[in-house]
Protein chains: 2
Amino acid sequence: IFSPVLTDSPTEEIEVLALLPQNNSFLFSQSRVAPAIRYAQDRLRADHPGFHFNIHFEDSDQVNHALFALADRSCDRKPDLILGPVREYEAAGVVRLASHWHIPVISAGALATAFRDKQSEYSQLTRIAPSYVKMAEIFSAMFEHFTWRSALLLYEDDRRDRDCYFTLEGVHHLMDHYDMEVETIHQEPTFKYEDIFKTNLDMEVVIMCAGADRIREIMLAAHRRQLTNGSNMFFNVDLFNASSYGNGSWRRGDEFDDEARQAYASLNTVTLLRTVKPEYENFSMEMQRSTEELGLYGCDDCGNVNMFVEGFHDALVLYASALDECMKSGCTKKNGTEITSRMWNRTIEGIAGQVSIDANGDRVGDFSLMAMTNVETGSYEVVANYFGKNKSFQLLPALRSDHFTLKRRQEVPEKEKEVENPSC
Amino acid sequence: IFSPVLTDSPTEEIEVLALLPQNNSFLFSQSRVAPAIRYAQDRLRADHPGFHFNIHFEDSDQVNHALFALADRSCDRKPDLILGPVREYEAAGVVRLASHWHIPVISAGALATAFRDKQSEYSQLTRIAPSYVKMAEIFSAMFEHFTWRSALLLYEDDRRDRDCYFTLEGVHHLMDHYDMEVETIHQEPTFKYEDIFKTNLDMEVVIMCAGADRIREIMLAAHRRQLTNGSNMFFNVDLFNASSYGNGSWRRGDEFDDEARQAYASLNTVTLLRTVKPEYENFSMEMQRSTEELGLYGCDDCGNVNMFVEGFHDALVLYASALDECMKSGCTKKNGTEITSRMWNRTIEGIAGQVSIDANGDRVGDFSLMAMTNVETGSYEVVANYFGKNKSFQLLPALRSDHFTLKRRQEVPEKEKEVENPSC
């Protein structure tokens, strides 16, 4: 009378193709992510004793390798699940082909705006980390709360992975009803930071995505032009503690430290909201042990656990529960579309806290806003949080509202302007 | 003693995958190109009786279909040759995967600058039509001949196939040592043509790629700002007689015809150089018959023969001679890299004239320059030709050199400028 599927849990071999770089210089290198996937595998044995995950890692160092790996492998036997790729240009090709073949793809990357389109080419993609558009929601909430009207988006373009380009593209996409200007920070040594503020003077809010040193140069330039006196708001996005993002630290031990500290009093940083639960300690220690064992080099600021490491752990958990549910209602691991749809509009208990996937298959994001709360010591605190699930913007006691109140410049009516400057 | 391969010509089955759109609205739709490929097949029977081409057409209407078709088909049996895709965004994925599998690809498209890189991801690509960078050579030759120094590149961006974007990208790439500004002509109805010339006034040459109606609006705007008095040179690129390119025709039967005719006296058009040889007549008639039989609609200005139709015909001829040569020296149709290399640095007799492929696998291009030679009637003539093989720029008797002589504006030295306008 009882279905044997429910009682005996016969073994189900699940072929997983993980497309991550072999090169250790990434936050999401194979060597960093693999321990998290194995950790999830071990944990899943209790809940899903019948699931055997056969995980094959393929290199995705070069932009097309991941796609080739998928095309090559799939002739013999198509994978049941694909994890990764993270980088946008790699992910695009892989997710398209996987979607064509109805293979679920879960990535802690592919954060760019284009991947939102699940109607056609990215139909099988589930994003287990909050996309850049989700990150943009905290800006949208702030603009509404503080009644700001215009923004200058400043990004550094490495013309390779283009993380910062895609980051601010999310803001531009979500907030296109505001007055926005976009400017690139060029990587040439001849780039003049002062020039940024020669034009664009009437943009109230400056939202930046650039490396820490660039951010410091920009803030120093802004400070010297007296734009840090309350007439403008400055924001910096720092999502993965990667070197491509500025991390709010003004100190360099050089002659400009004091000036930088004063400038940074006007700089606020948007980061991922960190939650920690007791189980997380064990995971974090395990990850640390793994990276130490491997003697990983080449990525000083990668940390032991980051959004990608957590994300790929949770990816396997999410997939397992969707597959389990799917099989209980009679489908098989080959029903990719069905499994994908069961991963959407769902909340699971992830390694660091709850993971909610929205109806479009994208992780809901929680973010924090950090600001300098002690100008003497130059120290930062979280002053507000944004919770994506209920779209609430929560101010914390440390927030000084005058810090976020724009001192609007005197607006000169057109006619007076003409009179003021009759010679031109 | 004689090798049987040379004498008996045993049958060689050659699998060809042609990736072209089924939709008839393209110049390179399956229905237009197929008759040319069959024509080439018939002709090749005489020279290569052993070659049997099995041509499979797969749709490439949607951007990823071509790639999926290749990935899907290749599991059973990889094609020996791929023809197409034409459009850049489709071609990119297909050529990468084909190159990974060492399958020769010949396209009359993939004209964008990026496809020049044959060192890595596009290693198997042979381009049988002249790329946009080759087209740019005629501009380079003119700039040198007439000692022009700066250019404004104006393109219409359809944000789909982006032909005009890629066309002028070729100019920008080849001529990056000149002073260049780039501006997009937006497709919104609110776009103000006059605004184009509010800035960029010091660019001597205006090179445009846009639809015929846009070009007319721009020329009218330029004429009204008196920029058509010799202070600026205007060029228009019209490579495939497609509606995405302006074709130099000023007449609309509206109230602005007379003004437009005067404005167009300053407009010169770069086109492909047309050569016609006696055999071409038959080909052209055959193609016409085929399109009539099919009752093709939806492409008024496609003509019966165009660069793509000719190109794919010649592609088969080029491949057959390279394969033949390759087999005679002991390789097989599976030696894709070897066959590809034998298609490069080679000249064949194409259906419309000689086809020279350079050492990088790209077709050498010949172009014509057309200018209005009778302002009363508003009629155009070819006034110069550019031959890519020996990079020669040939002026024809119809060319009036004063027409191409820039009346440079009085250059005011910096100091005088300051004195002139003391109030600002």
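# Exercises on a two-chain model

Chain B and chain A together bury about 1300 Å², and 66% of that area lies on carbon and sulfur atoms. Keep in mind as you work that this is a predicted model. The exercises below begin at this interface and then move into the chains.

## Exercise 1: The interface

**Task.** Work out how many residues each chain brings to the contact, and which three residues of chain B supply 33% of the area it buries against chain A.

**Solution.**

Step 1. Count the partners: the contact takes 15 residues from chain A and 15 residues from chain B.

Step 2. Look for the main contributors on chain B. Phe68(B), Cys75(B) and His100(B) supply 33% of the area that chain B buries against chain A, more than any other three residues.

Step 3. Place the touching side of chain B on its secondary structure. Helix H3 (65-76) and helix H4 (88-100) of chain B each give at least two residues to this side. The largest share, six residues, comes from H3(B).

Step 4. Sort the touching residues of chain B by type: eight are nonpolar, four polar and three charged.

Step 5. Check for specific pairings. Across the interface the rule finds zero salt bridges, whereas eight residue pairs are in polar contact, with both residues at pLDDT 80 or more.

## Exercise 2: Chain A as a whole

**Task.** Describe chain A: how many helices and strands does it have, and what percentage of its residues count as buried?

**Solution.**

Step 1. Chain A has 13 helices and 15 strands.

Step 2. Of its 424 residues, 56% count as buried.

Step 3. Now ask how far along the sequence the contacts reach. Taking contacts in chain A between residues at least 6 apart in sequence, 71% join residues at least 24 apart.

Step 4. Finish with the surface. Chain A has an accessible surface of about 19000 Å², with 47% of it belonging to carbon and sulfur atoms.

## Exercise 3: The surroundings of Leu44(B)

**Task.** Decide whether Leu44(B) is buried or exposed, and find which residues it is in contact with, leaving aside neighbours within four places in sequence.

**Solution.**

Step 1. Find the residue: Leu44(B) sits in helix H2 (residues 30-47) of chain B.

Step 2. Apply the cut-off. Buried means under 20% relative accessible area. Leu44(B) has 6% relative accessibility, so it counts as buried.

Step 3. List the contacts. Beyond its neighbours within four places in sequence, Leu44(B) touches Pro49(B), Phe53(B), Leu316(B), Val317(B) and Ala320(B).

Step 4. Compare sequence with space for one of these. Leu44(B) and Val317(B) are 273 residues apart in sequence, with their C-alpha atoms 7.0 Å apart.

## Exercise 4: Salt bridges, local and long-range

**Task.** The structure holds 60 salt bridges over all chains. For three of them, state which parts of the chain are joined.

**Solution.**

Step 1. Start within one helix. The side chains of Asp42(A) and Arg45(A) form a salt bridge (3.0 Å, N to O). Both residues belong to helix H2 (residues 30-47) of chain A and are three residues apart, about one turn of the helix. Asp42(A) has 47% relative accessibility, so it counts as partly exposed.

Step 2. Go on to Asp254(A) and Arg216(A), whose side chains meet in a salt bridge (2.7 Å, N to O). This pair links distant parts of the chain, 38 residues apart: Asp254(A) is in the loop between strand E9 (233-237) and helix H9 (257-264) of chain A, and Arg216(A) is in helix H8 (residues 212-224) of chain A. Their exposure also deserves a look: Asp254(A) is partly exposed, at 33% relative accessible area, while Arg216(A) is buried, at 7%.

Step 3. Turn to chain B, where the side chains of Glu325(B) and Arg346(B) form a salt bridge (2.9 Å, N to O). Glu325(B) lies in helix H11 (residues 307-328) and Arg346(B) in strand E11 (residues 346-349) of chain B, so the bridge ties together parts 21 residues apart in sequence. Glu325(B) is partly exposed at 31% relative accessibility.

Step 4. Add a network: Arg87(A), Glu90(A), Arg160(A) and Asp161(A) are linked by salt bridges.

## Exercise 5: A buried serine

**Task.** Locate Ser231(A) and name two side chains it joins in polar contacts.

**Solution.**

Step 1. Ser231(A) is in the loop between H8 and E9 of chain A.

Step 2. With a relative accessible area of 11%, Ser231(A) is buried.

Step 3. The side chain of Ser231(A) makes a polar contact of 3.0 Å with that of Asn229(A), and one of 2.9 Å with that of Asn232(A).

Key:
Residues are numbered from 1 along each chain as its sequence is written. Chains are lettered from A and ligands numbered from 1 in the order in which they are written. This is a predicted model: local features need pLDDT of at least 70, side-chain atom pairs count only at pLDDT 80 or more; totals for chains, interfaces and linings use all residues. Side-chain values use heavy atoms; hydrogens and water are left out. Helices (H or I, at least four residues) and strands (E, at least two) are DSSP runs, numbered from the N terminus. Buried means under 20% relative accessible area, exposed over 50%, partly exposed in between (1.4 Å probe, protein chains only). Contact means heavy atoms within 4.5 Å. Accessible areas come from the Shrake-Rupley method with a 1.4 Å probe; for residues, only the protein chains shown count as cover. Buried area is the accessible area (1.4 Å probe) that two parts lose on being put together, summed over both. A salt bridge is a side-chain nitrogen of Lys or Arg within 4 Å of a carboxyl oxygen of Asp or Glu. A polar contact is a pair of N or O atoms within 3.5 Å; within protein, one must be able to donate a hydrogen and the other to accept it, and residues adjacent in sequence count only if both atoms are side-chain atoms. Ala, Val, Leu, Ile, Met, Phe, Trp, Tyr, Cys and Pro count as nonpolar, Asp, Glu, Lys and Arg as charged, and the others, Gly among them, as polar.
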